[in-house]
Amino acid sequence: MTTNIFDLLERAAGIWPNKTAIADDKQAMTFKEWHTAALIIGTMIATETESSIRKPVLVFTDRTIECLAGFMGVSASGNFYVPIDNKMPQERIQLICDTLNPIAAVTCTPKDKILAENLNLNIPLIDYSFATLHPEIAKADMLGKLRCQIIDLDPVYAIFTSGSTGVPKGVVVPHRGMLDLANWLVDTFNFSESDSLGNQTPFYFDGSVKDIAICLKAGATLNVIGRKYFSFPKLLIPFLNERRVTAILWATSAIMLIGNSKILETTLPQHLRLVTFAGEAMPAKQLNVWMDKLNGVTFANLYGPTEISVDCTYYIVDRQFNDDEYIPIGKNCRNKQVLLITEEGLEAKDGEPGEICVRGSGVALGYYNNFEKSSEVFVQNPLNPHYFDRIYKTGDIAKYNERGELMFLSRKDFQIKHKGNRIELGEIEVAINSIEGVTNAACIFDNVNDKIILYYTTDDGEARDIVNGIKEKLPAYMFPDETILLAEMPYSMNAKIDRIALKAKYEGK
């Protein structure tokens, strides 16, 4: 029985030793080469840290494949990896390190090494370039004995999300969560060694775990797409065609970027069979751009927070949607159950909104070194008073439609009381996104002055008549009180609209 994600790499290296496993703009590794590099890095970690296990190890990341060798090297040593964006402000890295007290760090570039040294962590720095020059270092037997002490409930990685107090929260995910995700993805979407993945999501963001899991489980090739291809979308489609990419599991923002760029009107990906999107609600208008151009391609909406091992629901698009409709988030992923819980702690009735709560194998172990925050959201199932039954409260509001499909409505903190009416800001955004020429929309609420503030972008940089665009869709009390056109929408490091930045912009105007 597989209990450690490294077991998947070991299996892949045995079945497909000479097949390209991972590749970026400049280099590639076969499964055998990836496995060898991981064993070397794992040995160095185990040796330098006196064979510690189940401890956090930093891995500095960029859009290159070296960090993937780092991730698997940490897993080989019996510890868990923590991706660190090497472009992240040093102050934030320091906050993360203060929370973790890591036992080592894997550096992949000279820049990483300088950054790590400036943190004054006083821990071993495992240099990727040195490791790959010394294959004789690897001690597979020693690492195997360490991993024999690991069970599938032990952590495989920790990913840091932003915290309301300004201190990042480290979500600790067990091997079981990632292994279950790998099995479900491969079975549901029929991945095999003939697939080629186009990775868009950064490796410090949990969406990238899907690409890694599929690659390891199915033997698919993982192609890391460089930043320049999203800065210059006309280069992206030729890249996908050159790498014969068959599947992309991207953030919603990336799908919207390409849809809004109109590049699909002139150039199409030739080998795609699957497009999935996740991270934020997908406006039907941008999805329709893709669906109109790519006949025969399967589209799927995946939903889930970092705290439940990436995804807990999915919807394979099986019909056409109007531009002002919501795209369902569908039904439970295998071995995960979604509960809709009302504010009174009861199960929501048919058509009644409730908070999405999740139970199952993917529920994270909690926030590292933060039992207070963990206890607020990882709680006893209120529907089961008979034995310990842990669930995660997502803070997202949803309901079931008449087809029995789960519909995401809004974040709990996006619900407002305006002019005596309970309003979901997400509903306003869906309506505005359907206006011709609008490419993105985000609403914030001014509590002091009881005002709905709309920020939006357009395809030509020109303002739109928002009120006339939504008057047939929304009641007057849901109209924005103030509209602000932006040249571009701000995004956070996890590819979601940065609403904190929008609030700061509004308050500082």
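**Entry 1: Y367 and F378**

I began with Y367 and F378, working in a model that is predicted, and I found that Y367 is buried and that F378 is buried as well. The search for ring contacts gave 17 aromatic pairs in the structure. Y367 and F378 make one of these pairs, with an edge-to-face arrangement in which the centres lie 5.5 Å apart and the planes stand at 70° to each other. I then looked up where the two rings sit in the chain, and I noted Y367 in strand β18 (residues 366–367) and F378 in strand β19 (residues 378–380), eleven residues apart, so that the pair is listed as a link between distant parts of the chain.

**Entry 2: other rings, and charges over them**

I turned next to F189 and F191, another aromatic pair that is edge-to-face, for which I wrote down 6.5 Å from centre to centre and 65° between the planes. Both partners are buried, F189 and F191. When I checked what lies over the ring of F191, I found the charged end of R273 there, 5.1 Å from the ring centre.

I also followed the ring pairs that join up, and they link F71, Y81, Y157 and F203 into a cluster. One member of this cluster, F203, has R63 lying over its face, at 5.7 Å from the ring centre.

**Entry 3: salt bridges**

Side chains of opposite charge can pair when their charged atoms come close. I searched the whole structure for such contacts and noted 19 salt bridges.

The side chains of K412 and E355 form one of them, at 3.3 Å from N to O. This salt bridge connects distant parts of the chain, since K412 is in the loop between β21 (406–411) and β22 (415–418), while E355 is in strand β17 (residues 354–360), 57 residues away. Are K412 and E355 buried or exposed? I found that K412 counts as partly exposed because its relative accessibility is 36%, whereas E355 is buried, with a relative accessible area of 8%.

I then looked at K373 and E376, whose closest N and O atoms are 3.8 Å apart in a salt bridge. Both residues belong to helix α14 (residues 371–377), where they are three residues apart, or about one turn of the helix. K373 is partly exposed at 24% relative accessibility, and E376 is also partly exposed, with a relative accessible area of 42%.

For D459 and R464 I recorded a salt bridge between the side chains at 3.1 Å, N to O. D459 counts as partly exposed at 40% relative accessibility, and R464 is partly exposed too, with a relative accessible area of 23%. Beyond these pairs, I noted that D62, K87 and R227 are joined into one network by salt bridges that share partners.

**Entry 4: the second largest pocket**

My last search was for empty space, and I took up the second largest pocket, which holds about 950 Å³. Its lining is made of 30 residues, and those that lie nearest the centre of the pocket are F230, S253, A254, L257 and Y491. Which elements supply at least two residues each to this lining? I noted α10 (228–231), α12 (252–261), β24 (438–446) and β25 (451–458). Of the contributions, that of α12 is the most, with six residues. I closed the entry with the make-up of the lining, in which 13 residues are nonpolar, eleven are polar and six are charged.

Notes. Residues are numbered from 1 along each chain as its sequence is written. This is a predicted model: local features need pLDDT of at least 70, side-chain atom pairs count only at pLDDT 80 or more; totals for chains, interfaces and linings use all residues. Side-chain values use heavy atoms; hydrogens and water are left out. On a 1 Å grid over the protein atoms alone, a cavity is a set of points where a 1.4 Å probe fits but cannot get out, and a pocket is an open set with protein on both sides within 12 Å along at least five of seven lines; lining residues have an atom within 4 Å of a point. Grid points are joined across faces, edges and corners, and a volume is the space filled by probe spheres set on the points. Helices (H or I, at least four residues) and strands (E, at least two) are DSSP runs, numbered from the N terminus. Ala, Val, Leu, Ile, Met, Phe, Trp, Tyr, Cys and Pro count as nonpolar, Asp, Glu, Lys and Arg as charged, and the others, Gly among them, as polar. Rings of Phe, Tyr and Trp (its six-membered ring) pair if their centres lie within 6.5 Å; planes under 30 degrees apart count as stacked, over 60 as edge-to-face and the rest as tilted. Buried means under 20% relative accessible area, exposed over 50%, partly exposed in between (1.4 Å probe, protein chains only). A charge sits over a ring if NZ of Lys or CZ of Arg is within 6 Å of the ring centre and within 35 degrees of the ring normal. A salt bridge is a side-chain nitrogen of Lys or Arg within 4 Å of a carboxyl oxygen of Asp or Glu.
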